[in-house]
Amino acid sequence: MTVESASMGDMLAAAVPMVRTLNLEFIEVTPERAVLRLPDQSAYHNHLGGPHAGAMFTLAESASGAIVLTAFGEQLSRAVPLAVRAEIDYKKLALGPVTATATLGRPAAEVVAELDAGSRPEFPVAITIQREDGAVSGEMTVVWTLRPNG
């Protein structure tokens, strides 16, 4: 874990109770990529013995939030990041720990340029959820916005 991912993990755990509740682990967080892990915890299993769909959604949404806060942290004094909508596809049964990898769907500079021009930019974050064997168990897209303050 990098220093950046450790501090982002601490910040999100303090601000978002579900991050603490699910014991999410911040493996890597950069402006280009965020990787979070949901440990295997029986308290959050579904009827098949794997992570509950809600836990997987929270893992993926948290990965998207981590990359957004890292990529646009310098804009927080003038805009607040908000999730606008999300779509998730559950592909394969997930058993054991799962990892979510998030990437920005648009260059950060392009989003900031729209904010500079006075608009409220929207941008997608793509997230892949994988089992330990590398199989993709889910894919999610979260569309975020930077809502200008005031």
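What is the volume of the largest pocket?

1. In this predicted model, the largest pocket has a volume of about 150 Å³. Its lining is made up of L12, V16, V19, E61, S62, G65, L69, P81 and W144, and when these are sorted by class there are six nonpolar, two polar and one charged residues. Helix α3 supplies the largest share of that lining, with four residues.

2. The helix α3, which spans residues 53-71, also deserves attention in connection with the nonpolar interior. The largest nonpolar core holds 40 residues, and the members that touch the most other members are F26, L36, A66, F72, F123, V125 and I127. To this core α3 gives the most, namely 10 residues.

3. Two of those highly connected core members, F26 and L36, can also be followed in the strand pairing, since L36 in β2 is the bridge partner of F26. Strand β1, covering residues 25-29, runs antiparallel to β2 and is joined to it by four bridges, while the connection between β1 and β2 is a hairpin that passes through four residues.

4. Another of the highly connected core members is F123, and its surroundings can be listed in some detail. If the neighbours within four places in sequence are left aside, F123 is in contact with V68, F72, L104, R106, V111, V142, V143, W144, T145 and L146. Among these contacts, F72 is itself one of the core residues that touch the most other members, and W144 is one of the residues that line the largest pocket.

5. Beyond β2, which comprises residues 34-38, the chain enters a loop that leads to α3, and Q41 is found in this loop. Is Q41 buried or exposed? Q41 counts as buried because its relative accessibility is 15%, and buried means under 20%. When residues up to four places away in sequence are not counted, Q41 touches L22 and N23.

6. A contrasting case is D89, which is found in strand β3, a strand formed by residues 79-90. With a relative accessible area of 35%, D89 is classed as partly exposed, because that class lies between the limits of 20% for buried and 50% for exposed. Apart from its neighbours within four places in sequence, D89 is in contact with S137, G138 and E139. As for A135, which is 46 residues away from D89 along the chain, the C-alpha atoms of the two residues are separated by 14 Å.

Methods
Residues numbered from 1 in each chain as written. Predicted model: local features only at pLDDT ≥ 70, side-chain atom pairs only at ≥ 80, totals over all residues. Heavy atoms only, no water. Helix = DSSP H or I, 4+ residues; strand = E, 2+ residues; numbered from the N terminus. Buried < 20%, exposed > 50% of the residue type's maximum accessible area, 1.4 Å probe, protein only. Contact = heavy atoms within 4.5 Å. Core = buried A, V, L, I, M, F, W, Y, C linked by side-chain atoms within 4.5 Å. 1 Å grid on protein atoms, 1.4 Å probe; cavity = no way out; pocket = protein on both sides within 12 Å on 5 of 7 lines; lining within 4 Å. Points joined across faces, edges and corners; volume = space filled by probe spheres on them. Nonpolar A, V, L, I, M, F, W, Y, C, P; charged D, E, K, R; others polar. Pairing = 2+ DSSP bridges.
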